[in-house]
Amino acid sequence: MPELPEVEIARRFVRDRLIGKRVTSIDVLDSRMLARSSERSMRAAFLERTVDDAIRHGKNLLVKIGDDHLYLHLGMSGSLHMVDEDGHTSHERLRLGLDEGALVLDDPRRFGRFGLYHDIEDMLADKGLGPDALTVSDKEFVSRMAGRKSSIKPLLLDQGIIAGVGNLYADEVLFQEQLHPATKANAIARTDMARLGKRIRKVLETSISVRTDFSRLPEGYLLRDRREGAPCPRCATELVVIRVGGRTTVLCPSCQSQRAER
DNA sequence: GAGTATGTTATATG
DNA sequence: GCATATAACATACT
């Protein structure tokens, strides 16, 4: 589930359901998913403390518990659930028992991560994250992209430049801006780059507003039917699939013209 | 069995 | 350091 909008929905879930609850138990069910932390240190920091806040930066979630933060990354297939005391999910990897119910991180593919950070700054520095994609200014976005020679799509996916855009939303924003994903960043005019920055925020906000249900996205969104051969929402040409930066990329060969500089 | 998947990181090469 | 490519991680699904 997880790009920025999905993680924002998860953040709101934690905020609405967990704040004020007390942590009564911690069970690490897959130690391979521990990120630079130990179950023991997590217990010492979180047990008998109260959940205060839920913060998101890019695709990363921090749950403030007492004076420390529980770090959660959903990877490719992670999801959060509230269950009863005796309830379970099929791929439970971390369980946070609360005075009422429990929070479970379920993740079949185990690409998710969890652990302990003292504060946000520690996490940002450790992960080397750029500014959050939802709140970065156009000016900052343009300046962080300036002078880059790579193709635009891999740059959008680079969490160190801006944090939160993943493969699907990268395709969406490039489609809406009619930019070919392999366009070199230094071939994009400043004004077009600023427009792309705006588009990123708009698309992410829109997805959050429909709770990331792609079928409820406005007409004209690629994500409503993102697959090879589907009709382009703008011109009905059949969409094609290529690989850019090693990632599957869906685009309209007619709307997203290949630019000379590539 | 082959191929692919919303992510990240390590490694290698130029 | 930058740019690019590839593999690896682990599992589910077509």
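# Questions at the DNA and inside the fold

Student: Which residues surround DNA strand C?
Tutor: This is a predicted model, so take every value here as computed from it. Sugar and phosphate make up 62% of the strand C atoms that come within 4 Å of the protein. The residues around DNA strand C are R32, H91, P108, R109, R110, F111, R148, K149, S150, S151 and K184.

Student: Sort that surface by class for me: how many nonpolar, polar and charged residues are near DNA strand C?
Tutor: Pro and Phe count as nonpolar, while Lys and Arg count as charged. Among the residues around strand C are P108 and F111, along with R32 and K184. The tally is two nonpolar, three polar and six charged residues.

Student: Which residue puts a polar side-chain atom 2.7 Å from a phosphate oxygen of DNA strand C?
Tutor: K149 has a phosphate oxygen of strand C 3.1 Å away, but there a backbone N or O atom is involved. R109 does use a polar side-chain atom, yet its partner is a base nitrogen, 2.5 Å off. The side chain you're after belongs to S150.

Student: Over to DNA strand B: how far is the side chain of K59 from a phosphate oxygen there?
Tutor: K59 is on the list of residues that come nearest to strand B, together with H73, G166, R247 and T248. Sugar and phosphate account for 60% of the strand B atoms within 4 Å of the protein. From an N or O atom in the K59 side chain to a phosphate oxygen, the distance is 2.7 Å.

Student: And which residue has a polar side-chain atom 3.0 Å from a base nitrogen of strand B?
Tutor: N167 isn't your answer, as its backbone N or O atom lies 3.2 Å from a phosphate oxygen of strand B. You've already met the right residue at strand C, where its side chain has a base nitrogen 2.5 Å away. For strand B, too, the name is R109.

Student: Why is the pair Y71 and Y117 edge-to-face?
Tutor: Y71 sits in strand β4 and Y117 in strand β8, 46 residues apart, and both are buried. Their ring centres are 5.4 Å apart. Planes over 60 degrees apart count as edge-to-face, so the pair qualifies with an angle of 80°.

Student: In the pair Y169 and F214, which residue is partly exposed?
Tutor: These rings are edge-to-face as well, 6.2 Å centre to centre with 85° between the planes. Y169 is in helix α6, while F214 is in the loop between α7 and β9. Y169 has a relative accessible area of 1%, so it is buried. At 21%, the partly exposed partner is F214.

Student: Is D171 buried or exposed?
Tutor: D171 forms a salt bridge with R226, with the closest N and O atoms 2.9 Å apart. The two come from distant parts of the chain, D171 from helix α6 and R226 from the loop between α7 and β9. R226 is partly exposed at 21% relative accessibility. D171 is at 1%, and under 20% is the cut-off, so D171 counts as buried.

Student: Last one: which residues are linked with E8 in a network of salt bridges?
Tutor: Start with R11, whose salt bridge to E8 has its closest N and O atoms 3.0 Å apart. Because they are three residues apart in helix α1, about one helical turn separates them. Both are buried. The network links E8 with R11, R12, R56 and D132.

Methods: Residues numbered from 1 in each chain as written. Chains lettered and ligands numbered in written order. Predicted model: local features only at pLDDT ≥ 70, side-chain atom pairs only at ≥ 80, totals over all residues. Heavy atoms only, no water. Near = heavy atom within 4 Å. Polar contact = N/O pair within 3.5 Å; in protein donor to acceptor, adjacent residues only side chain to side chain. Phe/Tyr/Trp six-rings, centres within 6.5 Å; stacked < 30°, edge-to-face > 60°. Helix = DSSP H or I, 4+ residues; strand = E, 2+ residues; numbered from the N terminus. Buried < 20%, exposed > 50% of the residue type's maximum accessible area, 1.4 Å probe, protein only. Salt bridge = Lys/Arg side-chain N within 4 Å of Asp/Glu carboxyl O.
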